[in-house]
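Open the model in your viewer and set it to cartoon. This tour goes stop by stop, saying what to select and what is there.

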Amino acid sequence: MADEQMAVDRSGAPADATGETPGETLGGAHGGPLGGADAEVPGEALSAPIGVPTGVLPARPLDAIDRDILRLLQTDGRASVRSVAERVHVSRANAYARINRLIDDGVIRGFSARVNHERAGHGASAYITLKIVQNSWRTVREQLKTLPGATHIALVSGDFDVLLLVHTPDNRTLRELVLTRLQSIPEVLSTRTLLVFEETDLNTDHRL
């Protein structure tokens, strides 16, 4: 790509013990967890400890059940509370409370669909590394977030500063994104594009 170095990578409230709300899934049609944005476990109130700024909660250790719940939800974000409870061998109310706690603690950031980008019309994918001006990360990040097809941005250590994952309809669109959009950002000193030939989503393993 022009002056750029090119490399290729091969590499609802909780029901009691008698039943469940029909059709209840995690991350419903209205975007709220567990059947609604205002759903809560009665009597459970989570707040930041004294001295901790609002919105900044300390990490809470996860036990084996919490980790099992996370693996299940990464595989199927639409799983019902009942299904989760049965598969991790806890009561439905317990599973509901744990999931809400994971959401409130910021461990679960949301529920979303895994997209087959090629089937969605994005035939070209690439990881792009960027070297940027020192102390310009926040400025660069805001501009990268506006790029069409950008799906992941990370500040990293090593030989480059930023790792960007993009999905575009074709190689021509990818080329324009790099040469026109990325390299026009004043704080970007250089870029390197690694084309993705094949991807494997590690969160699709159902053997839990």
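A residue counts as buried here when its relative accessible area is under 20%, as exposed when that area is over 50%, and as partly exposed in between. By that cut-off, 30% of the chain's 208 residues are buried. Keep in mind that this is a predicted model.

**Stop 1: the whole chain**

Colour by secondary structure. The chain has five helices and five strands. Follow them along the sequence and the pattern reads β-α-α-α-β-α-β-β-α-β. Now switch on the surface. The accessible area is about 13400 Å². Carbon and sulfur atoms account for 49% of that area.

**Stop 2: the largest nonpolar core**

Hide the surface. Select I128, L130, L144, L164 and L182 and show their side chains. These residues touch the most other members of the largest nonpolar core, which has 17 residues. Which elements supply at least two residues each to this core? They are β2 (124-132), α4 (137-144), β4 (162-168) and α5 (171-182). In soluble globular proteins, nonpolar side chains tend to be buried together.

A second core is separate from this one. It holds 15 residues, including A79, V90, A95 and I108. Select those four to find it.

Return to I128 and centre on it. What does I128 touch, beyond residues up to four places away in sequence? On the list are V162, L163, L164 and V166. L174, L177, V178 and L182 also touch I128. T191, R192 and T193 complete the set.

**Stop 3: helix α5**

Select L174, L177, V178 and L182. These residues of α5 are buried. Look down the helix axis. The four cover an arc of only 90 degrees, so they sit on the same side of α5. What covers them? The cover includes β2, α4, β4 and β5 (188-196).

Move to the start of the helix. Show D170 and R172 as sticks. A side-chain oxygen of D170 comes to within 3.3 Å of the backbone nitrogen of R172.

Then pick R175 and E176. Their side chains form a salt bridge, 3.5 Å from N to O. Are these two buried or partly exposed? E176 is partly exposed, with a relative accessible area of 39%. R175 is also partly exposed, at 39% relative accessibility.

**Stop 4: helix α4**

Select W137, V140 and L144. They are the buried residues of α4. Turn the view to look down the axis again. The buried residues fall within an arc of 70 degrees, so they line one face of the helix. Their cover includes β2, β3 (150-155), β4 and α5.

Add E142 and K145 to the selection. The two form a salt bridge, with the closest N and O atoms 3.5 Å apart. E142 is partly exposed at 41% relative accessibility. K145 is exposed, with a relative accessible area of 53%.

**Stop 5: D66 and its partners**

Go to helix α1 (residues 64-75) and pick D66. Is D66 buried or exposed? D66 is buried, and its relative accessible area is 1%. Show everything around it. Leaving aside neighbours within four places in sequence, D66 contacts P61, R98, R101 and L102.

Now draw the distance to R98. D66 and R98 form a salt bridge, with their closest N and O atoms 2.8 Å apart. D66 is in α1 and R98 is in α3 (residues 92-104), so the pair ties together parts that are 32 residues apart in sequence. R98 is buried, as is D66.

Widen the selection to D63, D66, R98 and R101. A network of salt bridges links these four residues. The structure has eight salt bridges in total.

**Stop 6: D68**

Stay in α1 and pick D68. D68 is partly exposed, with a relative accessible area of 29%. Add R87 and draw the C-alpha to C-alpha distance. D68 and R87 are 8.7 Å apart in space and 19 residues apart in sequence.

Definitions and conventions:
Residues are numbered from 1 along each chain as its sequence is written. This is a predicted model: local features need pLDDT of at least 70, side-chain atom pairs count only at pLDDT 80 or more; totals for chains, interfaces and linings use all residues. Side-chain values use heavy atoms; hydrogens and water are left out. A nonpolar core is a set of buried Ala, Val, Leu, Ile, Met, Phe, Trp, Tyr and Cys residues joined through side-chain atoms within 4.5 Å. Buried means under 20% relative accessible area, exposed over 50%, partly exposed in between (1.4 Å probe, protein chains only). Contact means heavy atoms within 4.5 Å. The arc is that of the directions from the helix axis to the C-beta atoms. A polar contact is a pair of N or O atoms within 3.5 Å; within protein, one must be able to donate a hydrogen and the other to accept it, and residues adjacent in sequence count only if both atoms are side-chain atoms. Accessible areas come from the Shrake-Rupley method with a 1.4 Å probe; for residues, only the protein chains shown count as cover.
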